[in-house]
Every structure is written in structure tokens, then in C-alpha cells.
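Please open the model in your viewer with the side chains switched on, and keep a selection box at hand. The tour goes through pockets, a cavity and then aromatic rings.

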Amino acid sequence: MSPITISFIRGTVITLALTIASIIFGIILALILAFMRMGKSKILNGFAWFYVWIFRGTPLFLQIVVINFVPPLIYLSVTGKPMPRSNGIMTAGYLPMLLTSGEFKSGIIALALNTGAYCCEIIRAGIESIDIGQHEAAKALGMSKFTAMSKVIIPQTMKRIIPPFSNEFTLILKDSSLVSTIGLTELARVSRQLSAGGKWSYLFVGAAIYLFLTTFSTFAFDKLEKYFGRYE
Amino acid sequence: MSMVRTENLKKSFGDNEVLKGISIEVNKGEVLCVIGPSGSGKSTFLRCLNNLETIDSGLIYIDDELIVHREDGKNLKDMSPKKVSTLCIKLGMVFQRFNLFPHKTAVENLMLAPMSIKKVKKEEAYSKSMEILKKVGLVDKAGSYPSKLSGGQQQRVAIARALAMEPEIMLFDEPTSSLDPELVGEVLEVMKDLAQEMMTMIVVTHEMGFAKDVASRVVFMDGGYIAEEGHPQEIFANPKNDRTREFLNRILI
């Protein structure tokens, strides 16, 4: 394989790993936030609201930069020693080292925190869109709140939240290119580096790979939506 | 033997006092029909019985056991979720808008609660559910999702779903009000069958024909009170209360 092909594969792997990992962590976070938003506790509700307010209201670009650069600085000023972390820029693109680098982790954390705020609202809207009669029917049959949620409400929510999730996945897939600002050579950065010196066609190769990935994910989410909506 | 007894139930929504002190007693095997103009508190009363609405004050006895006792919005009796759940299991509820679980087939709608609450085994829940579906004449629709059923069929499944938990009392909240006229009969038929099997039933309804034929007692509610109560023949032929007469005149034209 030519070095160029290897570069593109490496970039694609980084982009996919970033996207999938951050979506998974983001959804877990979003579930917790959504139930905080819908719960009775005013403090938890307020916290979740504040969280969503911050992460939806500021640029992802800045969130990535802050999460990558601020903790080491705080660590340094508190302990007087530099924070131990492996540096992604110094690994010269060696994949296993890239995937364990501090920048990669910062990227995942930032993307997960950001998508968590959006997914929280998607999940909350999905759950709140279920007719009150479903809650009442479950309660009248004697189900606990937990059983009602897990057996009645959430399964009906799935079909409705898949399309906005698909949308969010596409956005994160593309916006993961913002982590190039902290030095991670993901797909967009690879394309840009290779295009240096007037070889602009590599930019289109990168774009084509993104397009392929988003098309594939949209298709997969469509299938998922059909599966969860098979009862209609 | 009294299956349901309430004393002085009161319930307000904000400033609007919907129930102003409802006391009734329903004996085993009785069919009590609750009639009255909309806004009279009929549905709220029914929903208070199984705690879909929490009463402000009053007492509720189920099967001669004091289940709910509240004064001024405070519990004088344990109303933990567990306690409420055991209360709900004794009472089956049928809603105006069916509220079937759309993501479950007809038979799965019946199986869900017995399996998740009573921990009944799947095979057992299935055969039991099929039996009940047979009773309501829908065994051939067992595998259909609610979206594929007519309103009347959905309501029959909903009745069957409530029966699957083997309740001692069935509550019906205007069970035919959202049905096309030609589908009302099949649902009333199922309810009649239940009444004949001596199921204790409280039915909020606008179907005066059903009340006349099936009810052992009729309660006329108006403005949050029970205005009149008696045998259907009495109430329909010879209402004593002016408001009852007025209401029946309007509705029986």
C-alpha cells in the first residue's frame, strides 16, 4: 500500500473511532441528563439545564481547545509538575499510539460532552412525546415507574429518536474534524496535509470518504428506524 | 360484602373542586353505572379509585381493607409506590382511548403485566392470554398490532388486558365514547358478559341503554356530588332530582 493510502486509512480510523466512542459515551451521559431534567429534584434539573445551556451555547471548537489545554495547566499549577500524558503529535502517526494519546482522549471527551447535551434534549423530547395514556395504562396495571419506562415508554421512544440521532451522528462525524486543532491527524487533517503543494485532488478524496461514511450511517439508521417502527 | 367503599372523597384541580365529597359502596358482583353531565366529576372519581389521581381527602376501602386515607392532601396511610401497585392490581381499568401498548401485539399486550409484575412464566402467560382473547372473541387477532385493529377490537383487547391481571373489580372510563357508533355494540357485549360472570364493575358511561339493562345500580353525579342514586328502573323512569330529570331529558331525546 502506498503511504498516501495508509495515511487516509489512518485518518479514517481515527475519525470513526472518535465519532463512535463519543456517541456511545454521549448517549450514556444524555440518558442521565435527560432523567435529571425530567425528575422531581429541582437541583438536578437545574444542573442538567445548566449543562445543556453551556454545551449547546458555546462553540464545539472552544470546548475541544479548553478540554485539551486547560486541565494540564491546572494540574501544573496545583502540583507543580506537568501532567503525565502521551502526546499525539509526537507519535508520528503510529496508530496504536495515536489512539491512546492525550489528544485523542481529549477529543473523545469534548465530543461526548457536547453530543451529550444535544442527545439529552433528543431523549427528553422523545420520552415526553409519548402519550400520557401510556403511563396511565402501565400504572393502572400495577407497573412500577421503572418497569413502565423500560417496557412501555422507552421501546416506543426508540422509533422517534432514531432520526434525530442519525442527524446528530452525522454532525459529530463531520465535526470531529475540529479535533485537528489540537493536533490529531484525523481524516480532514490528513486530506489537508496531503494536498499541500497544490495536490488539491486529495481534498476531494477526503470529502468522498466523509460522504461515504455519512451515507452508510444514514442508511444504517434508516434500517434501525424501520426495525423499531415495525408495529406501525 | 363490599368490594369498594369510599367516604367523603374530595379532589380539586387548583381552585376547581371537582369532587366535593363522594361516598359510595359497591358490593361484590354489582355493576354500578355512573352517569352525569361532562365536568360532573365522574371520570375523576373513577381515576381516584386506582390512584391515577390522588385524592385530597377521604377514605378508600378495597375489599373491606382501608387502602387510602388522606386528609388535607396528606397521607394518613402508607401510600408508597409498592402499596399503590398492590392496589392497582386489584382494580382493572379500561380507558376511553384504549391506551393499548402500540409496540406490542394483542396477545403481548395481555402478557406484559402478568410477566413483569406477577412474574408469570411466558408459556403460562401466553396460554392464559389466549384464553382471555377467546373470551372477547379476538383469538384470531392475537398476533396483530393495535394499529391494525378497529376501535372496537382495540377496546376489547384493552378489556382483556385488564382481565389478564385477574382483577377483583373492573373500572370502565367511558369505554365506548371514542368508538364509531357501529362498533359500540361489540364492546358493550363483552361488558355484559363480564357482568353476567358476576364481575364487580364500576362503569362511567353515556350509554343509557347499557345502564338500564345491565346496571344493578345507577349513580347520577352533578357538580362534584352524587345527586341521585338508585335502581336503574327508578332513576330512568322516575327521577326524583330535578337535575337528573333535566339531564335525562336532554340525553334521551
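For the classes used on this tour, Ala, Val, Leu, Ile, Met, Phe, Trp, Tyr, Cys and Pro count as nonpolar, Asp, Glu, Lys and Arg count as charged, and the others, Gly among them, count as polar. Please bear in mind throughout that this is a predicted model.

**First stop: the largest pocket**

Select A:K40, A:H135, A:K139, A:S144 and A:K145, which lie nearest the centre of the largest pocket among the 26 residues that line it. Next, colour the elements that each give two or more residues to this lining, namely α1 (3-38), α5 (102-128), α6 (132-140) and α7 (145-175) of chain A, together with α2 (81-90) of chain B. Which element gives the most to the lining of the largest pocket? It is α2(B), with 5 residues. If you colour the lining by class, you should find 13 nonpolar, 7 polar and 6 charged residues, set around a pocket with a volume of about 870 Å³.

**Second stop: the second largest pocket**

Now select A:D131, A:Q134 and A:Q156 together with B:L100 and B:P102, the residues nearest the centre of the second largest pocket, which has 14 lining residues. About 260 Å³ of space lies in this pocket, and the residues of its lining divide into 5 nonpolar, 5 polar and 4 charged.

**Third stop: the cavity in chain B**

With a threshold of 30 Å³ or more, the count comes to 1 cavity, and its volume is about 50 Å³. To find the cavity, select its lining residues, B:K135, B:V136, B:L163, B:V190, B:D193, B:L194 and B:E197. Helix α6 (residues 181-196) of chain B gives the most to this lining, with 3 residues. How do the residues of the lining divide by class, and what is the number of charged ones? There are 4 nonpolar and 3 charged residues, and no polar ones.

**Fourth stop: aromatic rings**

Over all chains, a search of the whole structure finds 9 aromatic pairs. Begin with A:Y51 and A:F55, which form a stacked pair with 4.6 Å from centre to centre and 25 degrees between the planes. These two residues are separated by about one helical turn, because they are 4 residues apart in helix α2 (residues 42-57) of chain A. Are they buried or exposed? A:Y51 is buried, with a relative accessible area of 11%, and A:F55 is buried as well, with a relative accessible area of 14%.

Move next to A:Y231 and B:Y145, whose ring centres are 6.3 Å apart and whose planes stand at 50 degrees, so the pair is tilted. This pair crosses between chains, from A:Y231 in the segment after α9 (201-228) of chain A to B:Y145 in the loop between α4 (122-135) and α5 (151-163) of chain B. A:Y231 has a relative accessibility of 5%, and since buried means under 20%, A:Y231 counts as buried.

Then select A:W49, A:F50 and A:W53, which ring pairs link into a cluster.

**Last stop: charges over rings**

Finish with two side-chain arrangements, one in each chain. In chain A, show A:R230 and A:Y227: the charged end of A:R230 sits over the ring of A:Y227, 4.5 Å from its centre. In chain B, show B:K212 and B:F236: here the charged end of B:K212 sits over the ring of B:F236, 5.6 Å from its centre.

How values were computed: Residues numbered from 1 in each chain as written. Chains lettered and ligands numbered in written order. Predicted model: local features only at pLDDT ≥ 70, side-chain atom pairs only at ≥ 80, totals over all residues. Heavy atoms only, no water. 1 Å grid on protein atoms, 1.4 Å probe; cavity = no way out; pocket = protein on both sides within 12 Å on 5 of 7 lines; lining within 4 Å. Points joined across faces, edges and corners; volume = space filled by probe spheres on them. Phe/Tyr/Trp six-rings, centres within 6.5 Å; stacked < 30°, edge-to-face > 60°. Buried < 20%, exposed > 50% of the residue type's maximum accessible area, 1.4 Å probe, protein only. Lys NZ or Arg CZ within 6 Å of the ring centre and 35° of its normal.
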